[in-house]
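Biologist: Hi! I'm new to this one. Could you walk me through it?

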Amino acid sequence: MTISEDRRPTSTLPFTQPVLKATGLVKTYGRVVGLDGVDLELYQGEVLAVIGDNGAGKSTLIKCLTGAEIPDSGEIALNGKQVQFRRPQDAKHHGIETVYQGLAVSPALDIASNLYLGRELRRRGIAGSVFRVLDTKLMRANAKAELDRLGISTLQDVTVAIENLSGGQRQAVAVARAAAFGSKVVVLDEPTAALGVRETNQVLELIVRLRDEGIPVMLVSHNMPNVFDVADRIHIQRLGKRAAVITPKTHSMTEAVAIMTGAASA
Amino acid sequence: MTTSMLPDQAGAAAKAPGVPVEEEEREGPLRRLQHFLHSHPTTIPAFVLLLGVVFFSLAVGHRFLHPFNLSLIIQQVTIIGILGVAQTIIILTAGIDLSVGAIMVLASMVVAQTASHNHVPAVLSLLLGLLVGLGAGAVNGLLVTRLKLPPFIVTLGTLNIFIALTLLYSNSASVIGQDIPALITATGATFPVFGVGVTYGVVLMLVLYVIMAFVLGRTAWGKHVYAVGDDKEAARLTGISVNRVLVSVYVVAGAILAVGAWIQIGRADAASPNAGADLNLDSITAVVIGGTSLFGGRGTLWGSLLGALIVGVFRNGLALAGLDVLYQTLAVGVLIIVAVSLDQWIRKVRS
């Protein structure tokens, strides 16, 4: 739960080194080309939206950047150092947390167990080291503290099973998990797709809060108003390539859609 | 919620979009029951067991509650109870193991034969049996994860393979108790508890239940078993090594089955290559009646012990009542259908 220094980017492109930089990513599935040499830069303390039509390669790009898929070629660098992710764990170890579309939560487990799934805390002493006993109490307390810190007030009881929650609450759990452990980058794939208006606003507030704490956020979304609401820069993906990078200040929503569909060039 | 919105409710929702309509207050008693059973899954098997005990106490009278009879039920339940531990952890991962009985018999033949024919020290024979259990479990686990075959098919295949190996290895001959060292048959020895004869095998089974219930509920491995059964892809994306968890589950099940082999030899005072290949279905029955979902991720170990006890009590009670053995089988069949229907209904809980 590290909080980096609070440094907001200026509206012009920052000259600092990108936190996450991808160069020439290629990913094919048989004859289908998912990514055709994509470049991407994510800077400290910004919200970078990734938009694109269906099949433009948004999800594939996210998966390659978070270890869920292995790119055929291309390079990924984290804070200037080249990295290779072969499994989701690899990306997590480097501080990249992802909320996948369709949520990677276990419905039958409770909120606290889900927050700590795959990185459970064990008790101190012999109970933890030899008998591997979990410190359920500490995990619940931490989970509660983390939800409070993020201002998620609708989740009071962290012992409730995920399947008893509404769509927005589940999403909040998934985002909270990413926020709690994503020390370098938080990636959200269509986080508001299944949500109502109020729940969507809560998730967007969470995104802004994360950004304000200095964590760069990558947001994949179909929802243009949402994207223009929170994004500092917008990466437009088209036909497996990066078509353009724009900002909400320099371009309108209509122009963004035009670039996305190929009706206009950047 | 299938009921349509009331007019005033619909109006309110239209005025304030996104404000959730309070549904909790409108829940009927049936839905509340559904929720309760959802969060307390062992309630039903515990209730059914209690019902069975009360019913047969009244119907059959003192013969059912006689210490000798209770001791008999417990001993009959022991083997299914042990197999139930192995079966439960596998079913929790949304798998199934048809080869549990066959693995146990194979391990028991290896233990008995090495000790009697090859004069291997008893402790070493038991360790060889453990190795056989671990190896057989590893074969199942690796086939499920490496070849990505459904557990049903894998274990259907290994069921036949292990049966054949058992018969080949033993030349289809049993080993009688007096040829087997005392340490190995000691699991069948009894000691009295309040006048009821209890075997060391029963104690061993209970110890296994306590250990595994602890492991499932209080360790990360246990959480991961549930998570893998709940949603495999979600578990993978969370950073759990799904294949490693699956293989370890089958290997642990194999070790438990080896302990089962030790208890089986003591209970039968012999090792027979033909005993128990059909125990796989009985173990699945115990797990299902115990409230564990065949779809994975949901259930408790103690439920399986209750499930095994329920089957034991019903079989025993019906036999004492003088009914034909066919009616026992009929009753078990009805219990399975009822248990799975209840599971389906409980799984529909969504708020």
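**Core and sheet**

Modeller: Happy to! This is a predicted model. A good place to start is Val175(A), which touches Val99(A), Leu188(A), Pro191(A), Val203(A) and Leu206(A), leaving aside residues up to four places away in sequence.

Biologist: And how many residues are in the largest nonpolar core?

Modeller: That core has 168 residues. Val175(A) is among those with the most contacts inside it, along with Ala176(A), Leu106(B), Ala107(B), Val111(B), Leu257(B) and Ile310(B).

Biologist: Which helix gives the largest share of this core?

Modeller: Helix H13 of chain B, residues 242-268, which contributes 16 residues.

Biologist: Changing topic: in what order do the six strands of the open sheet in chain A come?

Modeller: The order is E6-E7-E8-E3-E9-E10, with mixed pairing.

Biologist: Which strands stand at the edges?

Modeller: Strand E6 (96-99) and strand E10 (241-246) of chain A do. Each has a single partner strand, so one side of each has no neighbour in the sheet. From one strand to the next, the twist averages 20°.

Biologist: Nice. How many bridges join E6(A) to E7(A)?

Modeller: Four, and the two strands run parallel. For example, Ile96(A) has Val185(A) in E7(A) as its bridge partner.

Biologist: What about helices, then? Which strands does H1 of chain A touch?

Modeller: Helix H1 (residues 58-65) packs on the sheet and touches E3, E7, E8 and E9 of chain A. Its direction makes about 150° with that of E7(A).

Biologist: And where does H6 of chain A lie?

Modeller: Helix H6 (residues 167-181) lies across E6 and E7 of chain A, running at about 175° to E6(A).

Conventions
Residues are numbered from 1 along each chain as its sequence is written. Chains are lettered from A and ligands numbered from 1 in the order in which they are written. This is a predicted model: local features need pLDDT of at least 70, side-chain atom pairs count only at pLDDT 80 or more; totals for chains, interfaces and linings use all residues. A nonpolar core is a set of buried Ala, Val, Leu, Ile, Met, Phe, Trp, Tyr and Cys residues joined through C-beta atoms within 7 Å. A residue is buried if 20 or more other C-beta atoms lie within 10 Å of its own, exposed if 12 or fewer, and partly exposed in between; C-beta atoms are placed from the backbone. Two residues are in contact if their C-beta atoms, placed from the backbone, lie within 7 Å. Two strands pair if DSSP finds at least two bridges between them. Axes are lines fitted to C-alpha atoms, for helices over the stretch in contact, and angles run from 0 to 180 degrees between N-to-C directions.
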